[in-house]
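This report describes the strand pairing, the helix packing and the nonpolar core of one protein model. Please keep the sequence and the structure in view while reading.

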Amino acid sequence: MNSTPSLLNRILVTLLGLVLLAAGLLLILLATAPAVASWWQSWSPGVWAGINQAFNATRFPGRGESWLWILVALALLLLIGLMVAWIAQQGKGRNNLLAAEYDPGEVPGDVHIGGGVAEQAVKHALAGRPDLAGASVTTYSVNGSPALKVRLLPRQGVAPHLLAAEVSGLLSALEAVVGRETPVLIHIAAGARTRFGRAERVR
């Protein structure tokens, strides 16, 4: 329900994992395989000499510094900018407003109901239920309109459709109190807490 770039995140995490895995394997092979160590010792000096030659050939006239350092600094600044932009995209779509409407009553004005009202009300209604290992409620903005996401962690042995029906009833009561229909996504998930939690019957 949010605009977090999940696919991009998975691609970046995969690439980073592959790079770290390759670096780790190389270090292990350098420490344990004499053939790899000898190859590295014969290969790395030539690469280092080539890098030094490139920096020596690009020095400013009359100075010992190379203008390649400027390119390195610009590349690092670009990388930092991309990282900041990537971080800014995480978790977008969350909203703190559940409803907003103009009231032309005796005292005209705008009425705003925060998303925390719905979140706290639903979480309080679900708290202490023996058939739930956990529950969370979040308010999002979808196409400019508020929406709720209810994430449930039922215990083993709990019928998901019955749980969804009960939660739908709670949300209908909330809509009656607020006076406005709100789109809701009910996400019933499974995790370690549900796998190892003991199923309990509701009396």
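How many residues lie between β3 and β4 in the hairpin that they form? The model, which is predicted, places 2 residues between these strands, and asparagine 143 in the turn has a positive phi of about 55°.

**The sheet**

The hairpin belongs to an open sheet of 3 strands, arranged in the order β3-β4-β5 with mixed pairing. Because β3 (132–142) and β5 (184–188) each have a single partner strand, they stand at the edges, and one side of each is left without a neighbour in the sheet. From one strand to the next, the twist averages 15°. In general, strands of a sheet pair through backbone hydrogen bonds, in either a parallel or an antiparallel sense. The two pairings found here are set out below.

| Strand pair | Sense | Bridges | Residues standing opposite |
|---|---|---|---|
| β3 and β4 | antiparallel | 10 bridges | serine 141 and proline 146 (in β4) |
| β4 and β5 | parallel | 5 bridges | lysine 149 and leucine 185 (in β5) |

Strand β4 itself comprises residues 145–154.

**The helices**

Helix α4 (residues 115–126) lies across β3 and β4, and runs at about 165° to β3. Helix α4 also packs against α5, at an angle of about 140° and with the two axes 11 Å apart. Angles over 145 degrees would count as roughly antiparallel, and those of 65 to 115 as roughly perpendicular; the angle between these helices therefore makes α4 oblique to α5. The crossing of α4 past α5 is right-handed. On the α4 side, the residues that meet α5 are Ala118, Ala121, Val122, Ala125 and Leu126. Their counterparts in α5 are Val167, Leu170, Leu171 and Leu174.

**The nonpolar core**

Which residues have the most contacts inside the largest nonpolar core? They are Leu126, Leu148, Val150, Leu152 and Val167, within a core of 16 residues. At least two residues of this core come from each of β1 (97–103), α4, β3, β4 and α5 (160–178). Helix α5 gives the most, with 5 residues.

Leucine 126 links several of these topics. This residue is among those of α4 that meet α5, and is also one of the core residues with the most contacts. Leaving aside residues up to four places away in sequence, leucine 126 touches Leu132, Ala135, Val150, Leu152, Val167 and Leu170.

Definitions and conventions:
Residues are numbered from 1 along each chain as its sequence is written. This is a predicted model: local features need pLDDT of at least 70, side-chain atom pairs count only at pLDDT 80 or more; totals for chains, interfaces and linings use all residues. Side-chain values use heavy atoms; hydrogens and water are left out. Two strands pair if DSSP finds at least two bridges between them. Helices (H or I, at least four residues) and strands (E, at least two) are DSSP runs, numbered from the N terminus. Axes are lines fitted to C-alpha atoms, for helices over the stretch in contact, and angles run from 0 to 180 degrees between N-to-C directions. Contact means heavy atoms within 4.5 Å. A nonpolar core is a set of buried Ala, Val, Leu, Ile, Met, Phe, Trp, Tyr and Cys residues joined through side-chain atoms within 4.5 Å. Buried means under 20% relative accessible area, exposed over 50%, partly exposed in between (1.4 Å probe, protein chains only). Angles under 35 degrees count as roughly parallel, over 145 as roughly antiparallel, 65 to 115 as roughly perpendicular and the rest as oblique. A crossing is left-handed if the near helix is turned anticlockwise from the far one by less than a right angle, and right-handed if clockwise.
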